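Reader: I've got a new model open and I'd like to learn how to read it feature by feature. Can you walk me through it?

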Amino acid sequence: MQVTPKVRLIRYTEDPEATVALAAKLCYSDRELDDLTDNILSGDNGKFIAKLMDMGHYSPVEHASFTFSVEGVSRAFLAQITRHRIASFSVRSQRYVSEDSFNYVIPPAIEQLGSAAVARFVGQMDTIMDWYRDWQSALGRGEKSNEDARFILPNACETKMIVTMNARELKHFFSLRCCNRAQWEIRAVAWQMMKEALKVAPNLFGDAGPGCLRGACPEGAKSCGKGAEVKAKRDALLKEIESEKKKSGK
């Protein structure tokens with residue numbers, strides 16, 4: 001069955017912006033920690049966070065962490081996201097979990113070719129499922145058969161994972177993977193993750209996203225040339241978040 005990416009922010013540091021502000025102010029204050037903590041928790045840290053970002057003092061940002069559930073993504077996506085090494089990943093195992101009826105991701109480029117192309121792709125996935133089941137049977141089924149039968153599975157095969165990053169690495173991830181030059185699947189997931197992060201820490205991620213949102217495109221000659229479109233997408237995302245907040249009454 002075809003699937004599409006689904007992202008949820010399932011855990012995060014309690015009051016992430018206050019945590020970052022406390023860590024940063026500790027560096028410049030001679031006050032007792034209890035007193036400093038009370039002051040941070042009772043105040044608005046938005047302006048201070050913005051100043052911190054302008055200063056380029058990023059180490060305190062590492063004290064806030066965010067954990068996402070990600071599903072409806074391909075094994076090709078898995079190979080890309082795990083290149084971000086300052087992160088933690090827990091991934092559904094193809095050794096312990098049978099893939100005899102696996103879900104799969106259909107690339108948009110194939111969908112754009114029309115229904116005949118999609119039917120052809122689906123037929124190929126069905127064929128691979130049959131091959132997989134055949135090898136499971138030949139190998140005796142169970143854990144040992146799964147670990148070798150999986151070698152026949154395609155990159156399109158769906159996987160599910162839990163991903164945790166600290167806020168500094170998350171901002172770096174957004175700068176690379178929200179960019180139009182990023183591969184379409186990880187870009188779609190990155191924008192969903194950024195939306196979830198912005199909901200709970202709008203000041204911390206206020207400048208998050210590809211480099212073209214903050215100035216000249218860092219891709220240089222390889223730029224997509226669509227900076228205005230990216231900015232419009234970001235503005236639309238912020239409006240969507242605001243609209244959702246009003247509907248929920250938060």
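Reader: Let's start with E99. Is E99 buried or exposed?

Author: Buried means under 20% relative accessible area, exposed means over 50%, and partly exposed is in between, using a 1.4 Å probe and protein chains only. E99 has a relative accessible area of 2 + 1%, that is, to put it plainly, 3%, so E99 counts as buried.

Reader: Before we go on, what kind of model is this, and how are things counted?

Author: The model is predicted, so local features need pLDDT of at least 70 and side-chain atom pairs count only at pLDDT 80 or more, while totals for chains, interfaces and linings use all residues. Residues are numbered from 1 along each chain as its sequence is written, and side-chain values use heavy atoms, with hydrogens and water left out.

Reader: Back to E99, then. Where does E99 lie, and what does E99 touch?

Author: Helices (H or I, at least four residues) and strands (E, at least two) are DSSP runs, numbered from the N terminus. E99 lies in the loop between strand 3 (88-91) and helix 5 (108-111). Contact means heavy atoms within 4.5 Å. Leaving out residues up to four places away in sequence, E99 touches R92, Q94, Y132, L153, C157 and E158.

Reader: C157 is on that list. Is C157 buried or exposed?

Author: C157 is buried, because its relative accessibility is 0%.

Reader: And how many disulfides does the structure hold?

Author: A disulfide is a covalent bond between the sulfur atoms of two cysteines. The test here is a pair of cysteine sulfur atoms within 2.5 Å. The structure holds 0 disulfides. Take C217: the nearest cysteine sulfur, that of C179, is 5.9 Å away, and C217 is in no disulfide. C217 is partly exposed, at 28% relative accessible area.

Reader: Let's zoom out. How many helices and strands are there?

Author: The protein chain has 10 helices and 4 strands. Read from the N terminus on, the order is β-α-α-α-β-α-β-α-α-α-β-α-α-α. The C-alpha atoms fill a box of roughly 70 × 40 × 40 Å along the principal axes. Of the 250 residues, 39% count as buried. Among contacts with a separation of 6 or more, 76% come from residues 24 or more positions apart.

Reader: Which residues have the most contacts inside the largest nonpolar core?

Author: A nonpolar core is a set of buried Ala, Val, Leu, Ile, Met, Phe, Trp, Tyr and Cys residues joined through side-chain atoms within 4.5 Å. The largest one here has 42 residues, and F66, V70, L170, F173, F174, L204 and F205 have the most contacts inside it. Helix 9 (residues 184-200) gives the most to this core, with 8 residues. There's also a second, separate core of 12 residues, which includes F102, I128, M129 and A149.

Reader: Helix 9 also holds E196. What is E196 in contact with?

Author: Setting aside neighbours within four places in sequence, E196 is in contact with L9 and F68. E196 counts as buried, with a relative accessible area of 17%.

Reader: How do I read the packing of helix 9 against helix 10?

Author: Two packed helices are described by the angle between their axes and the distance between the axes. Axes are lines fitted to C-alpha atoms, for helices over the stretch in contact, and angles run from 0 to 180 degrees between N-to-C directions. Helix 9 and helix 10 (residues 227-248) pack at about 45°, with their axes 11 Å apart. That makes helix 9 oblique to helix 10; under 35 degrees is roughly parallel, over 145 roughly antiparallel, 65 to 115 roughly perpendicular, and the rest oblique. The residues that meet include W191 and L198 in helix 9, and L237 and I241 in helix 10.

Reader: And what about helix 1 and helix 3?

Author: The axes of helix 1 and helix 3 (residues 46-55) come within 10 Å and cross at roughly 60°, so helix 1 and helix 3 are oblique to each other. E17, V20, A21, A24 and K25 in helix 1 meet F48, I49 and L52 in helix 3.

Reader: What is the phi of D15 like?

Author: D15 has a positive phi of about 50°, although D15 is not a glycine. D15 sits in the loop between strand 1 (6-12) and helix 1 (16-26). D15 counts as partly exposed, at 40% relative accessibility.
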